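User: Please take a close look at the ligand site in this model. I would like the contacts and the elements that supply them, followed by the helix packing and backbone geometry elsewhere in the chain.

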Amino acid sequence: MPTITTIDSLRNHVGQTVTLQGWVHKTRSSGKIAFVIVRDGTGLCQCVVENNEQTGAVFADARHLTQESSVEVTGTVRADERAVGGHELDTTGLRVVQAAVDYPITPKPHGVDFLMKHRHLWFRSQRQHTILRIRHTLVDAIRRYFNDNGYVLIDTPVFSPSAGEETSTLFEVDYFGEPVYLAQTGQLHVEAACLAHRKVYCFGPTFRAEKSKTRRHLTEFWMVEPEIAYASLDDVIGVAEDFVCSLVRRVLQDHRADLEALGRDLTQLDHIDKPFARLTYGQAVDMLHASQTRELLEKDLREQTARIEELTAKIAELEETQKTARKKWQQEKAAQDIQAAREERSDLAEQVSNIPHHMDLAANFEWGSDLGGSDETILSRLHDRPAFVTHYPKEVKAFYMRVDRQDPRLVENFDLLAPEGFGEVIGGSAREEDYDTLAARIAEDGLPRESYEWYLDLRRYGSVPHGGFGLGVERTLAWLCGLKHIRETIPYPRMMGKIYP
Ligand code: 4AD
Ligand code: MG
């Protein structure tokens, strides 16, 4: 019996006969030879089947293989630099485990909606496979950072008696006749634990009824939230900076080739290091009003309009190729490129149509309002490093944030904006440790006091300055992978109007 192995370890089996267990990715054949590209979860391998006396029967089977049929392929491993993955299999045996008929995701172009409805199958395509492997590494790096630095993992509940963030994004659940909420954050519960363990973190799914469809919002996302006793705002910012550097380093170290395959330009990521930029909310507002913001958006308008024209010309050219190409694969390639160019063009057209609005929002931004998505994008693009924006007006932020003792209009908080327009990946703050001030903020926000009595206990019994932050896994992954939309960063994206599969 030949050894069963995986594609990522073929290099240890050159010259040997092995069996691969996988799925048919693509096939191509002529009268003399068939090529079956097999994927097995660890990589791709081209299996070559010759139509000769020994392998004639295998060749006949290979010609009938359909996309995504599950197969066991046996053959001799040959190193070949030009081959995908660097090895080929000279095939001597083939067993179809299950023959797939009409696999829906064909090499032809498909729209995003179609792919999202087939998320359970879309996983298998190269790009999705790559992104979810990077997610795996990111999650590992997150856990490692806190585990290696003395933080205790505290699992916080998903059913929560109280709102942690904006009450407008609560998902209400009937809990034996009582209304409770799906957790918007584990923070309040993990704060209690930091008074027991000093340094703690929670990491889990988080739920927000985001009623708008944006490229940054999910209704279910993963967030890691460290919380540290006896920490000031500066201490917490220092941790966030060190933490984010460790994540970037690890992902670059393990996935450089994957990121390049995704088309990620690594120039900026490669240079991410401490210290990050720091500005206050007040300074951010000044930046939005300054000429550099207007110039940036005017430049976008010019460049994107030019790019749209370029794409229109390219599409016309490709349509011609599609009509005149002789080979089926050439037509398919042209169709795919047309689809990609059309998608890019319609994205750009939408962006261009929004630019005047974004200019207007930035120019007329009023001190006291919250920074919106487009403002964050602008601020993030005006920095070549991640940037901390601190000290927002109290009114636009959550009740638990520590009131600035120098300027009580402000809170001691921060958002971390990733560069290149990716925007907020972390939100954090020092927490109000004073009982009276906190009780007053709960009342001001009109929150039901009785749901927060337990939280106020933390200020009654040994209250200390403390703080922490929350990093969103999907936003961070979108930034690291350079993805325009958050929907590809989570195995099963949940957004308004999207719940299947
Ligand atoms: O800024 P947020 O709302 O902060 C909190 O929840 C605090 N309780 C965290 C803390 O101090 N312990 O959310 C933190 C991060 C955001 O920066 C973003 O990365 C992510 O969570 N996030 C979302 N990601 C995807 N979809 C959404 N709807 C998100 N809302 C927040
Ligand atoms: Mg936030």
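Analyst: In this predicted model, 24 residues surround ligand 1, and those that come nearest are Glu165, Gln187, Arg208, Glu225 and Glu424. Arg208 also makes a polar contact through its side chain, where an N or O atom is 2.8 Å from an oxygen atom of ligand 1. The side chain of Tyr400 has an N or O atom 3.4 Å from a nitrogen atom of the ligand. Phe469 takes part through its backbone, with an N or O atom lying 3.4 Å from a nitrogen atom of ligand 1. Taken alone, the ligand exposes 630 Å², and 94% of that is buried by the protein.

Three elements each give two or more residues to the shell: β12 (220-229), β16 (423-430) and β17 (466-472). Of these, β16 gives the most, with five residues. Sorted by class, the shell is evenly divided, with eight nonpolar, eight polar and eight charged residues.

Next, the helix packing. Helix α14 covers residues 473-481, and its axis comes within 11 Å of the axis of helix α6, residues 233-261. The two axes cross at roughly 50 degrees. An angle under 35 degrees would count as roughly parallel, and 65 to 115 as roughly perpendicular, so α6 and α14 are oblique to each other. The crossing of α6 with α14 is right-handed.

A second pair is formed by helix α5 (residues 187-197) and helix α13 (residues 453-460), whose axes are 10 Å apart at an angle of about 30 degrees. That angle makes α5 roughly parallel to α13. The handedness of the crossing between α5 and α13 is left-handed.

The backbone has some points to check. Most peptide bonds are trans, and most residues other than glycine have a negative phi. Against that background, the peptide bond from Lys274 to Pro275 is cis, its omega being near -5 degrees. Pro275 sits in the loop between α7 (267-270) and β13 (277-280). Another cis peptide bond joins Tyr500 to Pro501, with omega about -5 degrees, and Pro501 belongs to the segment after α14. Glu68, a residue other than glycine, has a positive phi near 70 degrees. Glu68 is placed in the loop between α1 (56-63) and β5 (70-79).

Definitions and conventions: Residues numbered from 1 in each chain as written. Chains lettered and ligands numbered in written order. Predicted model: local features only at pLDDT ≥ 70, side-chain atom pairs only at ≥ 80, totals over all residues. Heavy atoms only, no water. Near = heavy atom within 4 Å. Polar contact = N/O pair within 3.5 Å; in protein donor to acceptor, adjacent residues only side chain to side chain. Areas by Shrake-Rupley, 256 points an atom, 1.4 Å probe, with all protein chains shown as cover. Helix = DSSP H or I, 4+ residues; strand = E, 2+ residues; numbered from the N terminus. Nonpolar A, V, L, I, M, F, W, Y, C, P; charged D, E, K, R; others polar. Axes fitted to C-alpha atoms, helices over the stretch in contact; angles between N-to-C directions. Parallel < 35°, antiparallel > 145°, perpendicular 65-115°, else oblique. Left-handed = near helix turned anticlockwise from the far one by under 90°.
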